[in-house]
Amino acid sequence: MKKLTEKKLNVITAIILTAIVSGVIAVCFIPDDVVVISGGESYSAIYNGNRSGNVVALAINVYEGADIVESIIDVLKENDAKATFFVGGCWADDNIETVREIIESGNELGSHGYFHRDHAKLSEAENRAEMETLHQLIKRTTGEDIKLFAPPSGSFSVTTLKVAEKLGYKTIMWSKDTIDWRDKNPKMVYSRATKNISGGDIVLMHPKKHTLEALPDILRYYAEIGLKAGTITECLAENNQEYGKL
C-alpha cells in the first residue's frame, strides 16, 4: 500500500513538473503580438512595432485636456516628432477643432471608444457601437478614416478583437507605460518613457500637465540615442528606418 502511494505521488509530481516546464517554455515564446484563436479564426492585439527599426511610437489616450493636447502638438512640432492620439468620442464631440488640429499637424488619429467603457465586458453589439459611433463622428466632421483602436484601460475580449478587425481596425496596446494618470511626477514619466527604450516600443501617455513638462526631455533623449518619435503606423512599418531619419 505504501509503495502504491509513493508511486502515485511520483506520477503526480512528474505531471506537475511537466506542467511547470511547459508553462515556462510557453512564456519564453510568447509573441510580441498576442494572437487569440476563436472558432478557427485568429485575432491579434499589437504590443509593439518593428524592433529592427528606430521608430518609437507615443500613444496618447485622450478623454480630457484639449489645452494640453494642443501644447503637446506644439512640443512635437518643435522636436520634429509625431504621435498617435487615441481620442474618446464624448471628448472629441466637444473638441472637434482640437481633433482637426491633431490631423492637420501631421499626427495620427486613433479610436479610444466613445464612452471609455470596459470592452472586455461588452457584447458584440456594444463593442461595435462604441467603435462605430466614434468612427462616424470623426468621418463626418473631419473626413478622416480611423484605422487604429486602443481599448480603454487596455481591456478587451476576443469579441473586441473580432469586431475591431471586421471594422478594419488594428487593436493597439503598449510596451511601455508612463502611468501618468496615477503618478503626477515629470521625473517618473521621463524615467518610464526612456528606461530600456528601443525601436518598436509603444509608449503610453495621457494629456497631463506633468507629462507635457517631461515631453521635451523625453524627445531629446530619443534623438540622442538615435530613435525617432513617430506614429503607430510608422512604428509598425517594416521599413520604418525611412520614417526615423534624424
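**Figure 1. Overview of the predicted chain and its secondary structure.** In this predicted model, the secondary structure of the chain comprises nine helices and ten strands. The chain has 246 residues, of which 46% count as buried, and it exposes about 12,700 Å², with carbon and sulfur atoms supplying 53% of that area. When contacts between residues at least 6 apart in sequence are considered, 73% of them join residues at least 24 apart.

**Figure 2. Close-up of the largest pocket.** The largest pocket of the model has a volume of about 260 Å³. It is lined by 15 residues, and those closest to the centre of the pocket are His112, His116, Ser153, Trp181 and His206. Sorted by character, the lining of this pocket consists of six nonpolar, six polar and three charged residues.

**Figure 3. Close-up of the largest cavity.** Rolling a probe the size of a water molecule over the atoms reveals where empty space is left. The count of cavities of 30 Å³ or more comes to one, and the largest cavity holds about 50 Å³ of space. Among the residues that line the largest cavity are Ala59, Asn61, Phe86, Ala150, Pro151 and Trp174, and its lining divides into eight nonpolar residues, three polar residues and no charged ones. His112 belongs to the lining of this cavity, and His112 is also listed with the residues closest to the centre of the largest pocket.

**Figure 4. Close-up of Asn50 and its surroundings.** Asn50 is placed in the loop between strand 2, which covers residues 41-46, and strand 3, which covers residues 55-62. Because its relative accessibility is 13%, Asn50 counts as buried, the cut-off for that class being under 20%. A polar atom of the Asn50 side chain lies 3.1 Å from the backbone oxygen of Ala237. Apart from neighbours within four places in sequence, Asn50 is in contact with Gly199 and Gly200, and also with Cys235, Leu236, Ala237, Glu238, Asn239 and Asn240; Ala237 is thus named both for this polar approach and in the list of contacts.

**Figure 5. Close-up of Asn54 in the loop between strand 2 and strand 3**. Asn54 is found in the loop that joins strand 2 and strand 3, and Asn50 is likewise placed between these two strands. With a relative accessibility of 10%, Asn54 counts as buried, since the class takes in values under 20%. The side chain of Asn54 reaches the backbone oxygen of Gly226 at 3.3 Å.

Note on methods: Residues numbered from 1 in each chain as written. Predicted model: local features only at pLDDT ≥ 70, side-chain atom pairs only at ≥ 80, totals over all residues. Heavy atoms only, no water. 1 Å grid on protein atoms, 1.4 Å probe; cavity = no way out; pocket = protein on both sides within 12 Å on 5 of 7 lines; lining within 4 Å. Points joined across faces, edges and corners; volume = space filled by probe spheres on them. Nonpolar A, V, L, I, M, F, W, Y, C, P; charged D, E, K, R; others polar. Helix = DSSP H or I, 4+ residues; strand = E, 2+ residues; numbered from the N terminus. Buried < 20%, exposed > 50% of the residue type's maximum accessible area, 1.4 Å probe, protein only. Contact = heavy atoms within 4.5 Å. Areas by Shrake-Rupley, 256 points an atom, 1.4 Å probe, with all protein chains shown as cover. Polar contact = N/O pair within 3.5 Å; in protein donor to acceptor, adjacent residues only side chain to side chain.
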